[in-house]
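Let's take a walk through a protein together. Keep the picture open while you read, and follow along with your finger if that helps.

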Amino acid sequence: MYAVIFCGGKQHKVSEGDVLSVELLDAEAGSTIDLDKVLLISDGTNIKVGAPYLEGAKVSAKVLGVHGGEKIKIVKFRRRKHHQKVTGHRQWYTDLEITGISE
């Protein structure tokens, strides 16, 4: 059984026991959250597709922790103008372990 969920502006295909990283959520490590934006649920033979979301469907997940992603370096450079600017960005992610899928 698997489901497609919408979380953090992205779609993720998940099944029970999967561990995935989504953009930072406001949740404590060790807590349980319910993701209710479920786009699709399949059990191998039957497929249910929402328009856009399935009513009453949810995916339960346990929050494992928070980690920082890879640092991205941004360089702005103007040739012959004596101008150079270097900044960086680091996105934070929340690790989730999928514990259950319900319709």
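A salt bridge, as the term is used here, is a side-chain nitrogen of Lys or Arg within 4 Å of a carboxyl oxygen of Asp or Glu. Keep in mind that what you're looking at is a predicted model. How many salt bridges does the structure hold? The count comes to 3.

Start with E23 and K10, which form a salt bridge whose closest N and O atoms are 2.7 Å apart. The two residues come from distant parts of the chain: E23 sits in strand 3 and K10 in strand 2, 13 residues apart. Is either one tucked away? Not in this model: E23 counts as partly exposed at 29% relative accessibility, and K10 is partly exposed too, with a relative accessible area of 41%.

Next, find D34 and K58, whose side chains meet in a salt bridge at 3.6 Å, N to O. This pair also links distant parts of the chain, with D34 in strand 4 and K58 in strand 7, 24 residues apart. D34 has a relative accessible area of 44%, so it falls in the partly exposed class. K58 is partly exposed as well, at 35%.

The remaining example joins E103 to K48, with 2.5 Å between the closest N and O atoms. E103 lies in the segment after strand 10, while K48 belongs to strand 6 (residues 47-49), so the pair ties together parts that are 55 residues apart in sequence. Once more you're looking at partly exposed residues: E103 has 48% relative accessibility, and K48 has a relative accessible area of 42%.

Now let's go back to strand 2, which covers residues 10-15 and also holds H12. Is H12 buried or exposed? With a relative accessible area of 15%, H12 is buried, because buried means under 20%. Who are its contacts? Setting aside residues up to four places away in sequence, H12 touches A3, V4, I5, C7, L20, S21 and V22.

On to the nonpolar residues. In soluble globular proteins, nonpolar side chains tend to be buried together. Here, the largest nonpolar core has 18 residues, and V38 and V59 touch the most other members. Which elements give two or more residues to this core? They are strand 1 (2-7), strand 3 (19-23), strand 4 (32-35), strand 5 (38-42), strand 7 (58-68) and strand 10 (92-102). Zoom in on V38 and, leaving aside neighbours within four places in sequence, you'll find it in contact with A3, V4, I5, P52, Y53, L54, A57, K58 and V59. Did you spot K58 in that list? That's the residue whose side chain meets D34 in a salt bridge.

Finally, step back and look at how strands line up. An open sheet of 4 strands runs in the order 3-10-7-4, with antiparallel pairing. Which strands are at the edges? Strand 3 and strand 4 are, since each pairs on one side only. From one strand to the next, the twist averages 45°. Inside this order, strand 7 and strand 10 pair in the antiparallel sense over 10 bridges. If you'd like to trace a bridge yourself, start at G65 and look for its bridge partner D95 in strand 10.

Terms used:
Residues are numbered from 1 along each chain as its sequence is written. This is a predicted model: local features need pLDDT of at least 70, side-chain atom pairs count only at pLDDT 80 or more; totals for chains, interfaces and linings use all residues. Side-chain values use heavy atoms; hydrogens and water are left out. Buried means under 20% relative accessible area, exposed over 50%, partly exposed in between (1.4 Å probe, protein chains only). Contact means heavy atoms within 4.5 Å. A nonpolar core is a set of buried Ala, Val, Leu, Ile, Met, Phe, Trp, Tyr and Cys residues joined through side-chain atoms within 4.5 Å. Two strands pair if DSSP finds at least two bridges between them. Axes are lines fitted to C-alpha atoms, for helices over the stretch in contact, and angles run from 0 to 180 degrees between N-to-C directions.
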